[in-house]
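Student: Please take one part of this model and go through it closely. I am new to the structure, so set out the background before the detail.

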Amino acid sequence: VMMCVALLLFILFVGSLLGFHVFLLFTAQTTWEVSSKDKISYLRGVPRNVYPFSRGPARDCADFCCRPPPPRGYVMKPLAELRVWSKTETIWENRHYVCC
């Protein structure tokens, strides 16, 4: 019984960590950007519900898994465009409720 409980806890923690990192992969973020978004200079002014480097889950995953890193770095969209994008409704944030 104790081994089953230990196995369940292990699967729960590892599964949670895997889920979090899949979310990061699909939104083109790093753990640093998630945990310190307010302290990062290039992310100041970016709305909370916008991921400035994301190009969609499929393309982000392909970029991460199949392509070499870009030589100069990433280009972020202008803040005005990101603010307009943040006004769109998503399943997580809309006029009825905000999740997370």
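**A buried glutamate and its surroundings**

Tutor: Among contacts in the protein between residues at least 6 apart in sequence, 49% join residues at least 24 apart; a contact means heavy atoms within 4.5 Å. The model is predicted, so to speak of local features a pLDDT of at least 70 is needed, side-chain atom pairs count only at pLDDT 80 or more, and totals for chains, interfaces and linings use all residues. Residues are numbered from 1 along each chain as its sequence is written, and side-chain values use heavy atoms, with hydrogens and water left out.

The pLDDT is the predictor's confidence in each residue, from 0 to 100. Its mean over the protein is 82, and 83% of the residues reach 70 or more. Confidence is highest in α1, at 93, and lowest in helix α4 (residues 79-86), at a mean of 78.

The protein has four helices and zero strands, where helices (H or I, at least four residues) and strands (E, at least two) are DSSP runs numbered from the N terminus. The order of elements is therefore written α-α-α-α from that end. Of the 100 residues, 19% count as buried. Buried means under 20% relative accessible area, exposed over 50%, and partly exposed in between (1.4 Å probe, protein chains only).

The part to look at closely is glutamate 33, in helix α2 (residues 31-35). Glutamate 33 counts as buried because its relative accessible area is 8%. Despite being buried, glutamate 33 has no salt bridge. A salt bridge is a side-chain nitrogen of Lys or Arg within 4 Å of a carboxyl oxygen of Asp or Glu. The nearest side chain of opposite charge to glutamate 33 is lysine 37, 8.3 Å away; Lys and Arg count as positive and Asp and Glu as negative, while His and the chain ends are not counted.

What surrounds glutamate 33? Leaving out residues up to four places away in sequence, glutamate 33 touches Ala28, Ile40, Tyr42, Leu43 and Phe53. The C-alpha atoms of glutamate 33 and leucine 43, 10 residues apart along the chain, are separated by 8.3 Å.

Another of these neighbours, alanine 28, is found in the loop between α1 and α2. Alanine 28 has a phi near 55 degrees, a positive value in a residue other than glycine. With 27% relative accessibility, alanine 28 counts as partly exposed.

On the other side of that loop, phenylalanine 23 lies in helix α1. Phenylalanine 23 is partly exposed, at a relative accessible area of 36%. Not counting residues up to four places away in sequence, phenylalanine 23 touches Gln29 and Tyr51. The C-alpha atoms of phenylalanine 23 and proline 57 are separated by 9.0 Å, though the two residues are 34 apart along the chain.

For contrast with glutamate 33, the structure does hold one salt bridge. Arginine 55 forms a salt bridge with aspartate 63, and the closest N and O atoms are 2.3 Å apart. Arginine 55 counts as partly exposed, with 45% relative accessibility.
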